Amino acid sequence: MKLMIASDIHGSAYYCLEMLDAMKKECPDRLLLLGDILYHGPRNDLPLEYEPKGIKMLNEVKEKLFCVRGNCDTEVDQMVLDFPIMADYAVIPCGNRIIYATHGHHHNVMTPIPMQPGDILLHGHTHVPAWEPFGNENLYLNPGSVSIPKENSAHSYMILEDGIAKWKNLYGEVYHELML
C-alpha cells in the first residue's frame, strides 16, 4: 500500500490545491491527514489564500482520506467535510512495526502513546519535518507542514511505501528517505 501523509493545511486553499496536485502525481492508495485542516489557530500567521470554506475541495477525494484531529479542528469543522476528522489517533501496521498516527498536541515524544520497542510515533503539529529515534528503540516521524512550514523547512508531505518513508516538497522532490 502506498500512503501519502500530510499535516497542517490550516485553511490555505492554495496549498491544499498544491497538495491535491501532488496527490494526483503520487497516486497513493490513501491520504492520511494529521490534523489542523481548516483553521490557522492563534499562534500562526494567516497562510497564503486563507479560505477555510475552500478546503471543502477535499470532499472530492473523500474515499481516499483518513484523518486524525488536530488542536485547531473542532466539531463544527466536521459539518462541512464529508469524511471523518475527529479521531484522536490511527493505528497503522507497517511490516513488523506499528505506526501510531496522531496530531502531536497531546501525544508526542515527551508524552507518547504507550508503545512497544520499535514502534513508530507519527505526528504533525510542529510544522517541522522529523525522523528521529526516541525512547525504547522507537522512531518519531513528522511530515512537516503543507502550508506553514517552520524552521526553514519546505512545504512538504511524506510517502510511505514498502517500508520506506520519503519526505518530499510539494513539487515531489525527495529531500530525505528512510528505511523503516
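**Close-up views of a predicted model**

**View 1. His123 and its surroundings.** His123 is buried, its relative accessible area being 2%, in a model that is predicted rather than determined by experiment. The residue belongs to strand 6, which covers residues 120–123. When neighbours within four places in sequence are set aside, the contacts of His123 include Leu34, Thr102, His103, Gly104, His107, Asn108 and Val109, and further along the chain they include Tyr140, Leu141, Asn142 and Pro143.

**View 2. The largest nonpolar core, with Leu33 among its members.** This core is made of 27 residues, of which Met19, Leu33, Ile37 and Leu58 touch the most other members. Two or more residues each are given to this core by strand 1 (2–6), helix 1 (13–26), strand 2 (30–33), strand 3 (65–67) and strand 9 (156–161). Helix 1 provides the largest share, with seven residues. In general, nonpolar side chains of soluble globular proteins tend to be buried together. Leu33 itself touches Ala6, Ile9, Met19 and Leu58, and also Leu65, Phe66, Cys67 and Val68, once residues up to four places away in sequence are left out of the list. Another core, of 18 residues, lies apart from the largest one, and among its members are Leu34, Ile99, Met158 and Ala165.

**View 3. A salt-bridge network around Glu26.** The structure holds three salt bridges, and two of them are shown in this view, namely that of Lys2 with Glu26 and that of Glu26 with Lys168. The side chains of Lys2 and Glu26 meet at 3.2 Å, N to O; because Lys2 lies in strand 1 and Glu26 in helix 1, this pair ties together parts that are 24 residues apart in sequence. Glu26 also meets the side chain of Lys168 at 2.8 Å, N to O, a link between helix 1 and strand 10 (residues 164–169) that joins positions 142 residues apart. Lys2 and Glu26 are both buried, with Glu26 at 10% relative accessibility, and Lys168 is likewise buried, at 11%. Through shared partners, the salt bridges join Lys2, Glu26 and Lys168 into one network.

**View 4. The salt bridge between Asp88 and Arg69.** The side chains of these two residues meet at 2.9 Å, N to O. Asp88 is in the loop between helix 2 and strand 4 (89–94), whereas Arg69 is in the loop between strand 3 and helix 2, and the pair thereby links parts of the chain 19 residues apart. Asp88 is partly exposed, with a relative accessible area of 44%, while Arg69 is buried, with a relative accessible area of 19%.

**View 5. Cys16 and Cys27, cysteines without a disulfide.** The count of disulfides in the model comes to zero. For Cys16, the nearest cysteine sulfur is that of Cys67, 11 Å away, and Cys16 counts as buried because its relative accessibility is 0%. For Cys27, the closest cysteine sulfur is in Cys16, at 17 Å, and is therefore too far for a bond. Cys27 counts as exposed, with 56% relative accessibility.

**View 6. A nonpolar patch on the surface.** Val76, Met79 and Val80 make a nonpolar surface patch of about 300 Å². One of these residues, Val76, is found in helix 2, which covers residues 75–78.

Note on methods: Residues are numbered from 1 along each chain as its sequence is written. This is a predicted model: local features need pLDDT of at least 70, side-chain atom pairs count only at pLDDT 80 or more; totals for chains, interfaces and linings use all residues. Side-chain values use heavy atoms; hydrogens and water are left out. A disulfide is a pair of cysteine sulfur atoms within 2.5 Å. Buried means under 20% relative accessible area, exposed over 50%, partly exposed in between (1.4 Å probe, protein chains only). Helices (H or I, at least four residues) and strands (E, at least two) are DSSP runs, numbered from the N terminus. Contact means heavy atoms within 4.5 Å. Patches are made of residues with over 30% relative accessible area and no salt bridge: like charges are joined within 9 Å, nonpolar side chains (Val, Leu, Ile, Met, Phe, Trp, Tyr) within 5 Å. Accessible areas come from the Shrake-Rupley method with a 1.4 Å probe; for residues, only the protein chains shown count as cover. A salt bridge is a side-chain nitrogen of Lys or Arg within 4 Å of a carboxyl oxygen of Asp or Glu. A nonpolar core is a set of buried Ala, Val, Leu, Ile, Met, Phe, Trp, Tyr and Cys residues joined through side-chain atoms within 4.5 Å.
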